[in-house]
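Here's a quick tour of what holds this chain together on the inside, and of the charged and cysteine side chains. Have a look at the fold before reading on.

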Amino acid sequence: GGVAIADAASVTDPSAVGRMVDTALSHWGRIDILINNAGILRDKTFSKMSAQDFRLVIDVHLMGAFHCTKAVWDHMKRQAYGRIVMTTSSSGLYGNFGQTNYGAAKLALVGLMQTLGLEGAKYNVHVNCLAPTAGTRMLDGLVAQNVMQALQPAAVSPGVLALVGDAAPNRTILCAGAGSFERAYITLTRGIHVGLHEQAAEQIVDNWSALGERADELVPASSSVQGQIELEKAQAAATTAGRAEHA
């Protein structure tokens with residue numbers, strides 16, 4: 001029962017993307033949802049990868065998402081409503097052999113989402129990431145047919161709907177595949193304070209376990225949290241040292 005308009009614009013062409021957005025606005029008067037799903041693969045080990053193949057994947061995934069988002073951003077701000085989904089990947093979140101270009105582009109989209117989510121929040125423009133495991137044309141010939149059936153794209157679609165509805169979260173990384181859903185986080189451990197002295201590097205090496213202790217890790221609300229925590233530890237260390245000196 002829906003109505004759709006096909007458009008052959010390349011997401012790497014900002015002028016074509018602008019015309020595509022203008023067409024949508026002329027037909028429906030507003031744009032509420034943008035799903036940045038354009039993607040290609042140029043898989044090779046880093047030793048064999050050309051700069052052209054690296055740049056092309058970045059241009060489609062990252063710059064394509066930039067061009068499309070830029071074309072609708074101010075419109076969504078003016079109407080005080082918008083839902084944007086970046087299609088990231090576990091290859092970006094966790095790495096995958098032979099996909100340095102793809103992984104770099106996909107993790108960059110998470111960084112784009114994090115800051116846009118902060119900037120759009122007061123305008124009710126929510127930005128999230130979806131990391132799908134789906135049997136699309138990008139996997140043709142790479143996995144068995146029964147796996148392709150289990151990973152049908154329709155099994156991911158409920159996650160997309162959850163990210164674009166009125167009650168959508170903001171700055172969430174949702175993983176989806178085969179009807180299963182998970183959330184991924186970029187976290188920060190509490191770490192330790194080492195200070196500045198000749199043995200600082202050695203102390204870091206000797207304390208990898210303490211640095212990686214995850215019991216009290218947190219999901220920072222913004223980049224400033226890292227600096228705040230580091231200053232707090234430095235101040236606490238200075239206070240402790242001062243007390244010891246006067247003891």
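What follows covers the nonpolar cores, then the salt bridges, then the cysteines.

Keep in mind that this is a predicted model.

**The cores**

Let's start with the largest nonpolar core, which has 31 residues. The members that touch the most others in it are Met-76, Ile-84, Met-86, Leu-93, Met-113, Val-127 and Ile-173. Which elements put two or more residues into this core? They are helix 1 (14–28), helix 2 (51–79), helix 4 (100–120), strand 2 (82–87), strand 3 (125–133) and strand 4 (173–177). Helix 2 gives the largest share, with nine residues.

Met-76 is worth a click in the viewer. Leaving out residues up to four places away in sequence, Met-76 touches Ile-31, Asp-32, Ile-33 and Leu-34, along with Tyr-81, Gly-82, Arg-83 and Ile-84, plus Tyr-123 and Val-125. Apart from the largest core there's another one, made of nine residues, including Val-160, Leu-163, Leu-174 and Ala-176.

**The salt bridges**

Side chains of opposite charge can pair when their charged atoms come close. How many salt bridges does the structure hold? There are three, and here they are:

| Basic residue | Acidic residue | N to O distance |
|---|---|---|
| Arg-30 | Asp-32 | 2.7 Å |
| Lys-44 | Asp-53 | 3.8 Å |
| Arg-214 | Glu-217 | 2.9 Å |

How do these residues sit relative to the surface? In the first row, Arg-30 is partly exposed at 39% relative accessibility, and Asp-32 is partly exposed too, at 26%. Asp-32 also turns up among the residues that Met-76 touches.

In the second row, Lys-44 counts as partly exposed, with 40% relative accessibility. Its partner Asp-53 has a relative accessible area of 14%, so Asp-53 is buried.

In the last row, Arg-214 is exposed, because its relative accessible area is 54% and the exposed class begins over 50%. Glu-217 comes out as partly exposed at 25%.

**The cysteines**

A disulfide is a covalent bond between the sulfur atoms of two cysteines. This structure holds zero of them. Cys-68 is in no disulfide, and the nearest cysteine sulfur, that of Cys-129, is 15 Å away. A pair would need its sulfur atoms within 2.5 Å, so Cys-68 has no partner. Cys-68 is buried, at 6% relative accessibility.

What about Cys-129? Cys-129 isn't in a disulfide either: the nearest cysteine sulfur belongs to Cys-175 and lies 9.9 Å away. Is Cys-129 buried or exposed? With a relative accessible area of 0%, Cys-129 is buried.

How values were computed:
Residues numbered from 1 in each chain as written. Predicted model: local features only at pLDDT ≥ 70, side-chain atom pairs only at ≥ 80, totals over all residues. Heavy atoms only, no water. Core = buried A, V, L, I, M, F, W, Y, C linked by side-chain atoms within 4.5 Å. Buried < 20%, exposed > 50% of the residue type's maximum accessible area, 1.4 Å probe, protein only. Helix = DSSP H or I, 4+ residues; strand = E, 2+ residues; numbered from the N terminus. Contact = heavy atoms within 4.5 Å. Salt bridge = Lys/Arg side-chain N within 4 Å of Asp/Glu carboxyl O.
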